[in-house]
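Here are my notes on the side-chain contacts, as promised. Have the viewer open while you read.

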Amino acid sequence: MEHPIARVLPLLSPAHLDRDFDYLVPPDLDAIAKPGVRVRVRFAGRLVDGYLLERLTHSEHSGKLVKLERVVSGERVLTPEILKLATVVAARYAGTRADVLRLAIPPRHARTESGGAKKKSAEADVAQEDSTDISPDVVSPDPAAAPEAGQVAEPAVSFDHTPWQRYIHGPAFITALTQGKGPRAAWQALPGEDWPRRLAELAAAVVGQGRSAILMVPDQRDLDRVLAECVRLLGDSAVGLSAGLGPAARYRRWLAVLRGTAQVVVGTRSAVFAPAKNLGLIAIWDDGDDTYAEPRAPYPHAREVAMLRSHETGAAFVAAGFARTAEIQAVVDSGWAHDLVADRALVREAAPRISVPGDSDIALERDPVARAVRIPGVAYAAARAALKEGAGVLVQVPRRGYVPSLACAKCRTPARCRHCNGPLALPDGRARHSDSQGDAAHSPSCRWCGITEAAFRCSSCGSRALRAVVIGATRTAEELGRAFPGVPIRGSGGGAMLDTVEPGPQVVVATVGAEPVLPGGYGVALLLDSWALLGRADLRAAEDALRRWMTAATLVRSRGQVIVMGDPAIPTVQALVRWDPIGHARAELAARAEVGFPPAVRMAAIDGTTDSITELLSAATLPDGVDVLGPVPLPDGARKPFSSGDSPAEVERILLRVDRKSGTHLARALTAAQAIRSTHRSDAPLRVQIDPVDIG
């Protein structure tokens, strides 16, 4: 008797084995060997995991076929849509489907799966039986165009849509969602907007049409807020997915999405692969957050995967936030997505009053050193006034701890060692901070060679004065405690992060990204050490600084005050003062296009040893017009492409740059080169990243 055939994708790491293989299905497995199930197969003499893709009547392979070893579970965990998405993502990021599927599908938890099997509805069973083939050639509907202006239709899940009328195309957008269309928008949330509630309303609009939604947020704090709003609107049909869940809880919720009992997924970056049925909306909040960049191969970015999934399925797409990235501005300029913004009059009404010390001649006459000192008199005065009125004061600092580095007090050039050019720092971390005259408490020493610099002189201006570039949260709290005796001083950052604080007069010192919510809003926010964020050697330094500042500023009530300590002539500071994230994103995009950086171009970063990089490039047929940049040292803070036990002497980086039209060709060339390299069994460390967040 002839056995039926199963086409299987083994989960193998080598790039040249990223293809399907045919296996025989023995009679005892015939009933449960369905497309989408996990299987175990024998490959090159060893047992490996895999997914059954489809059932065949015959095989094109002329040789002898081996049998499936076993079906791990009858649960059909790999859906046709997720396989299609994995194929597209692997092609986009020069990776393999196996690597993408490891990110997309969580490890099996047998007890959870068997315990929940009885709860699977008959409707879900029928839907799975209808799918007999999950090959990657599934045809997807074309994405719907942006909606025309119109009135809001009453959704099946009712909610108050009045807040959306504050946005120019808000009513039309809600109408399109409730009609089952797939609009795509870049939503610029108003200052002070209850954005978790707004995202939940978007999800409710599509759930009312019998479709599902995926809402992505950067971290657990945001996940808890959005999930709470979704539960209020939609009840148990909303679940949260994050890496912080235990294996059982995460798999239980993931199965609820797969089986269709959960229609709304709120999660971090991995939620972009959630197996939501009949996807109607995929939204991402604050896409500039670096947690959306996957640290595992093939290193996809959740924002890009979300846009790919929206394009493949025709689902609505929303990139939301107070600020805007150059990547989202690029898709708006291309017409793929459209602006969802409020009128400037509403923005001015909702935004707090934002100012910069010494931003005018009159201000400089009143306080001549306003731009030189860390916390000028006008900032202390504003904080005292807010505390007197019973309001809270938020102080944002770039780092936690004490003085991390030094710079010239006159021109702020980083203080460097004369012997090795390493950074200078005070030997005693708790030394008194230098005042505006720059008198350090002790002689600084080099962090690299340890030599003490007893007679420092700035290499740019010749000044002998030093000052701390950044004073951390702990030292800032001590200074403010002396300035405001009797006022509670609270800290938020690191392992002691606060989600909320109780109303009342208090000073909250928070590191960037750890600012707690105060019900009713803060009266004043002081954004310290702006040059620490703007001066980072990073492509996205200005964009990230504005995003961080705006996030803190939105915690201030509409009639409150935000004071940013920085140079008023800097465009990023001016964008904050005007509350103009779109204008800043346009300028960022234009600047990157001028110098040839993403998203204006496609770029691949190849990290490894000299030999491994040379081996890859020699095997690659690169597109015409490619620019090869480097080699350069691996950027500070970048993860190395190997385990700690086999560290080579030197790791470097090569950048390959092409225009956007040649991006697909570049990815294919690097995929093919990695396949050739894997056939040669080369084990030298190497990593390929397409459009990495950290370019250096």
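The points below go through cysteines, aromatic pairs and charges over rings.

1. First, a reminder that we're looking at a predicted model. Keep that in mind for each distance and angle quoted here.

2. Cysteines. Don't go hunting for disulfides: the structure holds zero of them. Two cysteines are still worth a look for their surroundings. C458 counts as buried because its relative accessibility is 6%, under the 20% cut-off. C461 comes out at 33%, so this residue counts as partly exposed, between the 20% and 50% limits.

3. Aromatic pairs. Searching the whole structure turns up ten aromatic pairs. One of them is Y380 with F484, with 6.0 Å centre to centre and 50 degrees between the planes. That makes the pair a tilted one, because the angle falls between the 30 and 60 degree limits.

4. What does the Y380 and F484 pair tie together? Y380 sits in helix α13 (residues 377-388), while F484 belongs to the loop between α14 (473-483) and β19 (489-492), so the contact links parts that are 104 residues apart in sequence. F484 is also buried, since its relative accessible area is just 6%, under 20%.

5. Aromatic cluster. Try selecting W164, Y167, W187, W195, W285 and F322 together: these residues form one aromatic cluster.

6. Charges over rings. Two arginines deserve a check by eye. R92 lies over the face of Y93, 4.7 Å from the ring centre. R184 does likewise with W336, lying over the ring face at 4.3 Å from its centre.

Terms used. Residues numbered from 1 in each chain as written. Predicted model: local features only at pLDDT ≥ 70, side-chain atom pairs only at ≥ 80, totals over all residues. Heavy atoms only, no water. Disulfide = S-S within 2.5 Å. Buried < 20%, exposed > 50% of the residue type's maximum accessible area, 1.4 Å probe, protein only. Phe/Tyr/Trp six-rings, centres within 6.5 Å; stacked < 30°, edge-to-face > 60°. Helix = DSSP H or I, 4+ residues; strand = E, 2+ residues; numbered from the N terminus. Lys NZ or Arg CZ within 6 Å of the ring centre and 35° of its normal.
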